[in-house]
Amino acid sequence: MVTFLPRLPGRLADVPSFDRAIGGAESNVACTLARTGHTTRWISRVGTDGFGDHLLAAIADCGVDVGHVRRDPLRPTGVYFRTAGDRATGAHEVAYYRAGSAASAMTADGLDPAALRAGRILHLSGITAALSADCLGLLRELTTRRPGRPLLSFDVNYRPGLWRDTARARVLLDLARGADLVFVGDDEARDAWGLHGPRAIRRALPEPQLLVVKQGRAGATVFRRTGEPGGHRDDGTGNATFVPALTVDLVAATGAGDAFAAGFLSATLRGLPDRDRLRHGHLWAAAALTVPGDLATPPSRPYADRLAALDDTAWERLRLAPGWTDADTSGHRADEEVPTQ
């Protein structure tokens with residue numbers, strides 16, 4: 001969908017002008033991964049309108065394959081407007097205009113199965129499930145465990161504005177159970193499912209091989225399931241790795257969740273250990289947190305690897321300010337100098 005970002009802080013009723021940008025959790029992840037050299041494909045549906053043209057061109061410019069995006073002549077491309085404030089605050093407003101959009105008409109029958117299975121990872125978002133009954137059916141089809149499917153990654157992405165009540169949002173828990181890798185915020189799990197704390201979330205979601213619980217400014221925990229399917233049941237609560245979040249000079253809090261998922265997925269594709277997967281997630285999230293828009297260019301792979309290899313003390317002392325992702329080309333090293341406000 002197309003995102004409209006306010007040029008000034010304030011209520012939607014008071015903001016006079018907006019800047020246009022690309023939006024959407026899955027496309028954000030694909031663009032971020034593509035910007036660091038991964039091969040990515042975005043599969044979706046947009047209208048045959050100017051906004052659809054813009055989305056396809058902008059996402060392709062990031063290096064993403066958009067050849068399997070369908071154009072819908074009868075339905076418009078979805079759009080949404082948001083305020084500049086932090087999503088976690090009560091003052092934050094989001095206005096979605098996605099009912100009847102081209103993306104809401106996606107169905108399992110309308111997608112190319114070969115294109116879906118071609119990658120090493122298939123990444124989905126719970127936002128799609130909220131768009132229509134057809135989209136929910138699509139997600140249910142894709143999260144059904146079948147032989148030969150790619151590693152299935154699912155970001156819960158609970159958005160209260162897209163669900164009429166939390167009872168309906170329980171379907172996200174069912175979808176997550178069908179995934180191999182799940183991303184969920186502890187605040188999302190509390191609001192959507194009434195679960196409190198990472199271990200309670202893991203006990204409710206024992207099926208995924210990997211469960212990543214994002215804990216805001218505290219950090220993130222990844223649970224890894226052991227044992228073979230059908231064998232001894234292991235809820236994975238004893239196989240946890242926690243990595244604290246980084247100190248960041250915040251510019252805007254949007255887009256960080258998608259960037260975190262992209263960083264974790266990048267490290268997963270490279271076979272890095274769980275601690276380093278979380279650290280790459282934090283680093284890529286920090287790139288998004290230090291720019292005004294939803295989509296940021298992550299640090300180069302060598303630079304991110306160097307920071308991810310810091311010892312625990314140096315990692316916890318690290319502080320990242322706007323422009324830090326250019327440090328490896330400017331000669332500045334974030335692990336040697338700590339910027340101050």
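Start by selecting Asp 249 in this predicted model, a residue that is buried, with a relative accessible area of 8%. With Asp 249 still highlighted, add Arg 319, since the two form a salt bridge whose closest N and O atoms are 2.7 Å apart. The pair joins distant parts of the chain, for Arg 319 belongs to strand E14 (residues 319–320), while Asp 249 sits in the loop between strand E13 (247–248) and helix H10 (256–269), 70 residues apart. Colouring by accessibility sets the partners apart: Asp 249 counts as buried because its 8% falls under the 20% limit, whereas Arg 319, at 21%, is partly exposed.

From that loop, move along to H10 and select helix H11 (residues 274–289) with it; the two helices pack at an angle of about 145°, and their axes lie 7 Å apart. If you turn the view to follow the crossing, H10 passes H11 in a right-handed sense. To see the contact itself, display side chains on both helices: on H10 the residues involved include Ala 256, Phe 260, Gly 263, Phe 264 and Ala 267, and on H11 the residues they meet include Leu 278, His 280, Trp 284, Ala 285 and Leu 289. Sorted by class, this contact of H10 with H11 comprises eleven nonpolar, six polar and two charged residues.

Next, select Asp 180 and Arg 149, whose side chains meet in a salt bridge with an N to O distance of 3.3 Å. Here too the pair links distant parts of the chain, with Asp 180 in the loop between helix H7 (171–177) and strand E9 (181–185), and Arg 149 in the loop between helix H5 (133–142) and strand E8 (151–155), 31 residues apart. Asp 180 has a relative accessibility of 18% and therefore counts as buried.

Then go to Arg 41 and Asp 65, which form a salt bridge with the closest N and O atoms 3.1 Å apart. Arg 41 lies in the loop between helix H1 (25–34) and strand E3 (45–47), and Asp 65 in the loop between helix H2 (50–61) and strand E4 (70–72), so that this pair, 24 residues apart, also links distant parts of the chain. Both partners are partly exposed, Arg 41 with a relative accessible area of 35% and Asp 65 with 29%.

For the last stop, select Arg 45, Asp 72 and Arg 75 together, as these three residues are linked in a network of salt bridges. Should you wish to continue through the remaining pairs, the count for the model comes to 17 salt bridges.

Key
Residues numbered from 1 in each chain as written. Predicted model: local features only at pLDDT ≥ 70, side-chain atom pairs only at ≥ 80, totals over all residues. Heavy atoms only, no water. Salt bridge = Lys/Arg side-chain N within 4 Å of Asp/Glu carboxyl O. Helix = DSSP H or I, 4+ residues; strand = E, 2+ residues; numbered from the N terminus. Buried < 20%, exposed > 50% of the residue type's maximum accessible area, 1.4 Å probe, protein only. Axes fitted to C-alpha atoms, helices over the stretch in contact; angles between N-to-C directions. Left-handed = near helix turned anticlockwise from the far one by under 90°. Contact = heavy atoms within 4.5 Å. Nonpolar A, V, L, I, M, F, W, Y, C, P; charged D, E, K, R; others polar.
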